[in-house]
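Thanks for coming. Please look at the structure on the screen, and I will go through its parts in turn.

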Number of protein chains: 2
Amino acid sequence: MFEVFQKYLSEKTTLTDTELEMIQSVSFTKKLRKRQYLLQEGDAWKHYCFVAKGCLRIYRVDQKGVEHIMKFCIENWWAGDRESLLTGSPSQCNIDALEDSVLILFKKEDYDELRKKIPAFDDMVNTLIHRSYIASQNRIHSAISYTTEEKYQNFIEKYPDIFSRVPLHMIASYLGVSAETLSRIRTHAARR
Amino acid sequence: MFEVFQKYLSEKTTLTDTELEMIQSVSFTKKLRKRQYLLQEGDAWKHYCFVAKGCLRIYRVDQKGVEHIMKFCIENWWAGDRESLLTGSPSQCNIDALEDSVLILFKKEDYDELRKKIPAFDDMVNTLIHRSYIASQNRIHSAISYTTEEKYQNFIEKYPDIFSRVPLHMIASYLGVSAETLSRIRTHAARR
DNA sequence: AAAAAGCCTTGACAATTGTCAAGGCTTTTT
DNA sequence: AAAAAGCCTTGACAATTGTCAAGGCTTTTT
């Protein structure tokens, strides 16, 4: 499965064979069956994790036991909890697999080492975090500005590939509305 | 006013006098009177901007003409639009001053040059973007998980210094609720 | 193959929120 | 000093949303 990651790298940057070999040598693969956990609340997260196949979901659970989905991660996305990774604190997130999945993992130290040794890799990672930040800002904008219907339409437009493989009640959770409300918005929208 | 930025730098990293001189030599100061604009929708944003004094607000305007506040920036915060900066596209944001303000600015190219030449500065900037991302994630969590009252309490806890100098209707906008609803939540909360 | 679990929709009703309007107080402008 | 603008609150009412419950369909498990 490393070839999926290799393809991803080749689309994002240019590496020599030696550099690619360095990257591969510190990577390791993990397979997750549907419903298995990659991370549970309270544990510290210490890796970088690339999704080569499948679909993960990152969520937090509130005091009432309700799950709130922070992110879906399909092929070519990165999963993990940056807060726990950066601060070393126990994670508030759970990550589990919505489908059987294959992941390419790096220990934080190895990954940081790669960034120091391979400038092109470092640049790529920099761009990545920038883009993640921008995506977050746009999601915040959606959350505070859009009506529920607009949030839903925006999600479909932006993530058609996620929309088609994830249950609707999870999309509702991601958008911050109840499953029933999303259902009603859908029937309402379909009628027009 | 550069000394405010210098103090900020000394708290975040360690630099030699030469490095500090390099940074100062490419920086420039801008003063903004209350209600003046730093950036208007449609213009490209090409700087990094540190707030040495005052208070700015970054907001977007929707189709109905309603403003939605993305961020408040007080002393020691960074203002700007990373999306426009990274992609070169025209900004969807407006930035204006809520108080008379003093800003330390860098052209993007100069800033990037500093990062290349000064590893400690580069590390600092890296940490900064990471923390910004984490803060965004937590705001998303608040937006999709909390009740309006919880969002409000969370804001006061996290940003007491912003809370005390910004009008309530702007905090309402930041939280994604109407000013009237926030007002009612406040009277309700005060009664207990 | 049968049973269980998961997913989505719909109804009923209560709770929350937005909108419009008005009024009082404070701050800014003239 | 007077006028204007900005800010916050409150009422009335409609619109939106959440919660609970039930039912039908599909997928997964036994």
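Which phosphate oxygen lies 3.0 Å from a polar side-chain atom of B:Ser178? The phosphate oxygen belongs to DNA strand C. That counts as a polar contact, meaning a pair of N or O atoms within 3.5 Å; within protein, one must be able to donate a hydrogen and the other to accept it, and residues adjacent in sequence count only if both atoms are side-chain atoms.

Before going further, some housekeeping. This is a predicted model, where local features need pLDDT of at least 70 and side-chain atom pairs count only at pLDDT 80 or more, while totals for chains, interfaces and linings use all residues. Residues are numbered from 1 along each chain as its sequence is written, chains are lettered from A and ligands numbered from 1 in the order in which they are written, and side-chain values use heavy atoms, with hydrogens and water left out.

Back to DNA strand C. Around this strand there are 16 residues, and the closest are A:Ser183, A:Arg184, A:Thr187, B:Thr148 and B:Thr181. Near, here, means that a heavy atom of the residue lies within 4 Å of the strand. Two more phosphate contacts come from chain A: a polar side-chain atom of A:His169 is 3.1 Å from a phosphate oxygen of strand C, and a side-chain N or O atom of A:Arg186 is 3.4 Å from one. Of the strand C atoms within 4 Å of the protein, 59% are in sugar or phosphate, and the rest are in bases.

Which helix supplies the largest share of the surface near strand C? Helix 9 of chain A does, with five residues. Helices are DSSP runs (H or I, at least four residues), numbered from the N terminus, and strands in that scheme are E runs of at least two. By class, this surface has three nonpolar, seven polar and six charged residues. Nonpolar covers Ala, Val, Leu, Ile, Met, Phe, Trp, Tyr, Cys and Pro; charged covers Asp, Glu, Lys and Arg; the others, Gly among them, are polar.

Now DNA strand D. It has 16 residues around it, and A:Thr148, A:Thr181, B:Ser183, B:Arg184 and B:Thr187 come nearest. Helix 9 of chain B gives the most to this surface, with five residues. A side-chain N or O atom of A:Thr148 is 2.7 Å from a phosphate oxygen of strand D, and a polar backbone atom of B:Leu168 is 3.0 Å from a phosphate oxygen of that strand. B:Arg184 reaches a base: an N or O atom of its side chain is 2.6 Å from a base nitrogen of strand D.

Next, the two protein chains. In chain B, 32 residues are in contact (heavy atoms within 4.5 Å) with 33 residues of chain A. Together the chains bury about 3,200 Å², 63% of it on carbon and sulfur atoms. Buried area is the accessible area (1.4 Å probe) that two parts lose on being put together, summed over both. B:His130, B:Tyr133 and B:Ile144 supply 21% of the area chain B buries against chain A, more than any other three residues.

Last, one pair of helices within chain A. The axes of helix 1 (residues 2-12) and helix 5 (residues 119-145) of chain A come within 10 Å and cross at roughly 85°. Axes are lines fitted to C-alpha atoms, for helices over the stretch in contact, with angles from 0 to 180 degrees between N-to-C directions. That makes helix 1 of chain A roughly perpendicular to helix 5 of chain A; the term covers 65 to 115 degrees, with under 35 roughly parallel, over 145 roughly antiparallel and the rest oblique. A:Tyr8, A:Leu9 and A:Lys12 of helix 1 meet A:Phe121, A:Met124 and A:Leu128 of helix 5.
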